[in-house]
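Biologist: I would love a close look at one part of this protein, explained for someone new to structures. Could you take me to the sheet and what surrounds it?

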Amino acid sequence: MTKRGKRKDWFQDWSNEYDATLGRMRRHLKMLDLVVAVSGVKDGDRVLDIGCGTGLLSLRLLDAARCTVVGIDKSPEMLACFRRKIRGMALGKRVDVRRGDAASLDPGLGQFDVIASTVTLHHVKDKLPMIRAIRSHLKPGGRFVLGDVDLDTTGDPADLKRLSRILDFLREEWMAAMADAGPDGFRRMFDNGKKHVFNDGEYCVSFREWAALCRKAGFDGVTVRPVVKGSRFKVLTAIK
Ligand SMILES: C[S@@+](CC[C@H](N)C(=O)[O-])C[C@H]1O[C@@H](n2cnc3c(N)ncnc32)[C@H](O)[C@@H]1O
């Protein structure tokens with residue numbers, strides 16, 4: 001609760017410990033590296049990072065090429081962490097961090113060579129209009145890169161088959177959180193996991209579904225890769 005008695009937003013609450021929790025999980029960092037590698041980002045590119053959070057992906061993209069990055073996020077607190085981080089970095093005009101919603105992209109954002117997003121787009125329930133809007137912000141030949149978990153959490157929380165599928169994932173996730181980020185990481189990812197069970201702001205779909213949505217939105221060359229062999233975390237690329 002805040003001083004005014006309002007319930008804190010989940011990401012507001014998480015922002016200050018994000019880098020010390022999910023930001024320390026090896027499976028997350030490997031996914032970010034794969035997203036950058038398959039993005040094909042090159043010098044001069046204009047890149048959009050949707051749900052940039054504390055900037056873990058944006059900073060990697062900026063490091064990989066002399067590109068410019070617009071990072072958007074719904075959470076002012078996540079953006080504040082990102083801004084604090086880049087204050088002393090001499091990135092100049094190469095990075096523009098602003099408030100934005102994946103579910104209703106600001107038409108003023110303009111056109112991009114690469115649009116990337118990691119573990120964010122599953123928060124949006126109505127996915128096809130969002131994918132269509134993403135495509136509309138890409139230049140011809142531009143690339144969409146999505147990193148997320150390949151898990152279908154849609155459905156009724158009381159459905160035991162669904163629950164079993166989610167718990168199989170969560171067991172691995174929680175073990176990895178404890179191993180990589182200790183008790184604080186475990187506590188945060190434990191609470192995050194419950195949100196998946198109860199459809200509480202988390203609406204994951206399988207990568208088969210993401211790929212179908214991208215094709216339906218008019219993307220070509222849709223490819224899905226696991227972060228490492230057998231990983232539940234996958235990276236999709238699609239070309240406009
Ligand atoms: C798990 S974090 C991922 C941050 C970063 N992309 C990364 O991989 O480390 C999810 C981020 O998505 C943001 N987010 C959630 N729903 C969003 C939406 N509808 N539009 C934009 N950002 C959103 C949250 O504020 C949070 O910063």
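How many bridges join strand 5 to strand 7, and which way do the two strands run?

Modeller: Happy to! Keep in mind that this is a predicted model. Strand 5 covers residues 138-149, and 7 bridges join it to strand 7, with the two strands running antiparallel. One place to look is Val149, whose bridge partner in strand 7 is Phe233.

Phe233 has another neighbour to look at. Arg27 lies over the face of the Phe233 ring, 3.7 Å from the ring centre.

Now let's follow strand 7 to its other partner. Strand 7 (residues 233-239) is joined by 5 bridges to strand 6 (residues 220-226), and this pair is antiparallel too. The two strands form a hairpin, with 6 residues between them. In that turn you will find Gly230, which has a positive phi of about 85°. Further along the pair, Thr223 stands opposite Thr237 of strand 7.

Next, step back to see the whole sheet. It is an open sheet of 7 strands with mixed pairing, and the order is 3-2-1-4-5-7-6. Strand 3 (95-99) and strand 6 are at the edges and have a single partner strand each, so one side of each has no neighbour in the sheet. From one strand to the next, the twist averages 15°.

Helices lie against this sheet. Helix 5 (residues 127-136) packs on it and touches strand 1 (46-50), strand 4 (112-118) and strand 5. The direction of helix 5 makes about 140° with that of strand 5. Ala133 belongs to helix 5. With a relative accessible area of 23%, Ala133 is partly exposed. Its C-alpha atom is separated by 7.0 Å from that of Leu105, although the two residues are 28 residues apart along the chain. Arg135 is worth finding as well: Arg135 lies over the face of Phe219, at 6.0 Å from the ring centre.

Helix 7 (residues 207-216) lies across strand 5, strand 6 and strand 7. Helix 7 runs at about 10° to strand 7.

To see how an edge strand is packed, zoom in on Val222, which is found in strand 6. Val222 has a relative accessible area of 16% and is therefore buried, since the cut-off for buried is under 20%. Leaving aside residues up to four places away in sequence, Val222 touches Ala211, Cys214, Arg215, Leu236, Thr237 and Ala238. For a sense of scale, the C-alpha atoms of Val222 and Asp33 are separated by 19 Å, and these residues are 189 residues apart along the chain. While you have a strand in view, here is a handy rule: in a regular strand, side chains alternate between the two faces of the sheet.

Let's move to strand 1 and what follows it. Gly55 sits in the loop between strand 1 and helix 3. Its relative accessible area is 0%, so Gly55 is buried. Gly55 also gives us a way to relate this region to the hairpin: Gly55 and Thr237 are 20 Å apart in space, C-alpha to C-alpha, and 182 residues apart in sequence.

After that loop you can turn to helix 3 itself. Its buried residues are Leu56, Leu57, Ser58, Leu59, Leu61 and Leu62. These buried residues pack against several elements, including strand 1, strand 2 (68-73), strand 3 and strand 4, along with helix 2 (26-39). Helix 4 is among the partners too.

The meeting of helix 3 and helix 4 deserves its own moment. The axes of helix 3 (residues 56-64) and helix 4 (residues 76-86) come within 10 Å and cross at roughly 35°. Leu56, Ser58 and Leu59 of helix 3 make the contact with Phe82, Lys85 and Ile86 of helix 4. Sorted by class, this contact has 4 nonpolar, 1 polar and 1 charged residues.

To finish, here are the aromatic rings. The structure holds 7 aromatic pairs. In one of them, the rings of Trp174 and Phe190 have their centres 4.7 Å apart and their planes at 45°, so this pair is tilted. Trp174 counts as buried, at 16% relative accessibility, whereas Phe190 counts as partly exposed, at 32%. Elsewhere, ring pairs link Phe11, Trp14 and Tyr18 into a cluster.

How values were computed:
Residues are numbered from 1 along each chain as its sequence is written. This is a predicted model: local features need pLDDT of at least 70, side-chain atom pairs count only at pLDDT 80 or more; totals for chains, interfaces and linings use all residues. Side-chain values use heavy atoms; hydrogens and water are left out. Rings of Phe, Tyr and Trp (its six-membered ring) pair if their centres lie within 6.5 Å; planes under 30 degrees apart count as stacked, over 60 as edge-to-face and the rest as tilted. Buried means under 20% relative accessible area, exposed over 50%, partly exposed in between (1.4 Å probe, protein chains only). A charge sits over a ring if NZ of Lys or CZ of Arg is within 6 Å of the ring centre and within 35 degrees of the ring normal. Axes are lines fitted to C-alpha atoms, for helices over the stretch in contact, and angles run from 0 to 180 degrees between N-to-C directions. Helices (H or I, at least four residues) and strands (E, at least two) are DSSP runs, numbered from the N terminus. Contact means heavy atoms within 4.5 Å. Ala, Val, Leu, Ile, Met, Phe, Trp, Tyr, Cys and Pro count as nonpolar, Asp, Glu, Lys and Arg as charged, and the others, Gly among them, as polar. Two strands pair if DSSP finds at least two bridges between them.
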